[in-house]
Amino acid sequence: MASLSVCIEMVFAALPIAERIERAAGAGADAVEFWGWRDKDLDAIAATCADAGVDLAAMLGSDAPLTDPHGTDAAVRDLERSIEAAAEAGCPNLIVTVGPEQEGHSRDEQHDAIVEALDRVAETAADAGVTLGVEPLNTAVDHPGYYLSSASEGREIVRAVDSPAVGLLFDVYHQQITEGDVTRGLTESVDDLTYVHLADNPGRNEPGTGELNYETILSALREAGYDGYVGCEFSPVGDDAAAVEHCRKLLAD
């Protein structure tokens with residue numbers, strides 16, 4: 001069975017970090033996640049997670065762009081620092097955003113640069129027990145200029161690296177905007193999936209506030225055999241705890 005994570009950058013966001021973790025645990029989450037780690041006290045977060053009985057599931061692993069063919073060394077160093085930090089904090093997943101499109105370089109060149117950077121750090125990640133989840137993002141609403149928007153290209157990148165430490169993070173909200181047909185996209189990606197994010201569309205709010213039928217989506221994901229983390233990466237329009245509890249029920253049904 002999949003485990004429920006809460007992105008504390010967006011849910012319970014008005015509270016201090018320790019209280020966000022405690023509230024997520026109280027609402028039934030199995031884990032928490034966040035974005036950038038460099039401005040956070042990872043030791044304190046890990047201790048709070050242990051006290052609250054939740055995992056630290058994921059954090060953002062990439063600052064330097066992977067898309068720049070001339071910046072691969074910098075991207076590798078950046079990812080290696082994140083892998084080390086994740087391993088020390090007991091965090092098994094790093095979210096990898098590949099960066100913006102690079103002027104003067106073809107998409108093939110940028111695609112190959114992403115694959116090279118990930119391939120160079122894959123063994124380090126595997127040895128550290130950390131999985132890198134490559135995330136496509138929508139470019140139409142939230143991330144104009146970002147290189148990777150399609151799940152199909154995400155799968156191509158992951159399969160080219162061919163490492164159990166590198167997989168696909170499928171964000172249902174982003175892929176609904178970019179491609180639609182998210183149930184098919186998820187199930188076709190299941191062998192490559194390392195993480196799933198959910199939010200409704202439009203608005204990037206909790207399930208039930210938009211056009212997505214999460215009962216159907218999560219049922220199909222469950223039937224496909226996915227048993228990793230499903231992250232609540234949305235801004236609740238209602239009560240934060242109630243939104244998490246609703247997601248817990250959707251995941252269990």
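The following conversation concerns the fold, surface, cysteines and one C-terminal helix residue of a predicted model.

Visitor: What kind of model is this, and how many helices and strands does the chain have?

Guide: The model is predicted. The chain contains 9 helices and 8 strands.

Visitor: How compact is the chain?

Guide: Its radius of gyration is 17 Å, close to the 18 Å that the globule rule gives for 253 residues, so the chain is as compact as a globular protein of that length. Along the principal axes, the C-alpha atoms fill a box of roughly 45 × 40 × 30 Å.

Visitor: What share of the residues is buried?

Guide: Buried residues account for 55% of the 253 in the chain.

Visitor: And what part of the contacts comes from residues 24 or more positions apart?

Guide: Taking the contacts with a separation of 6 or more, 76% are between residues 24 or more positions apart.

Visitor: Turning to the surface, what is the accessible area?

Guide: The accessible surface of the chain is about 10,300 Å², and carbon and sulfur atoms contribute 45% of that area.

Visitor: How many charged side chains are there, positive and negative?

Guide: There are 15 positive and 48 negative side chains. The centres of these two sets are 2 Å apart.

Visitor: How many disulfides does the structure hold?

Guide: The structure holds 0 disulfides. Cysteine 49, for instance, is in none, and the nearest cysteine sulfur, belonging to cysteine 91, is 9.1 Å away. Cysteine 49 is also buried, at a relative accessible area of 2%.

Visitor: Why is cysteine 232 not bonded to cysteine 247?

Guide: The closest cysteine sulfur to that of cysteine 232 is in cysteine 247, at 3.8 Å, which is too far for a bond, because a disulfide requires the two sulfur atoms to be within 2.5 Å.

Visitor: Is cysteine 232 buried or exposed?

Guide: Cysteine 232 is buried, and its relative accessible area is 0%.

Visitor: A change of topic: where is leucine 250 found?

Guide: Leucine 250 lies in helix α9, which spans residues 240-252. With a relative accessibility of 7%, leucine 250 counts as buried.

Visitor: Which residues does leucine 250 touch?

Guide: Leaving aside residues up to four places away in sequence, leucine 250 touches Pro207, Tyr214, Glu215, Leu218 and Arg222.

Visitor: How far is leucine 250 from valine 54?

Guide: The two residues are separated by 196 residues in sequence, and their C-alpha atoms are 19 Å apart in space.

Methods
Residues numbered from 1 in each chain as written. Predicted model: local features only at pLDDT ≥ 70, side-chain atom pairs only at ≥ 80, totals over all residues. Heavy atoms only, no water. Helix = DSSP H or I, 4+ residues; strand = E, 2+ residues; numbered from the N terminus. Rg over C-alpha atoms; globule rule 2.2 N^0.38 Å. Buried < 20%, exposed > 50% of the residue type's maximum accessible area, 1.4 Å probe, protein only. Contact = heavy atoms within 4.5 Å. Areas by Shrake-Rupley, 256 points an atom, 1.4 Å probe, with all protein chains shown as cover. Lys, Arg positive; Asp, Glu negative; His and termini not counted. Charge placed at Lys NZ, Arg CZ, Asp CG, Glu CD.
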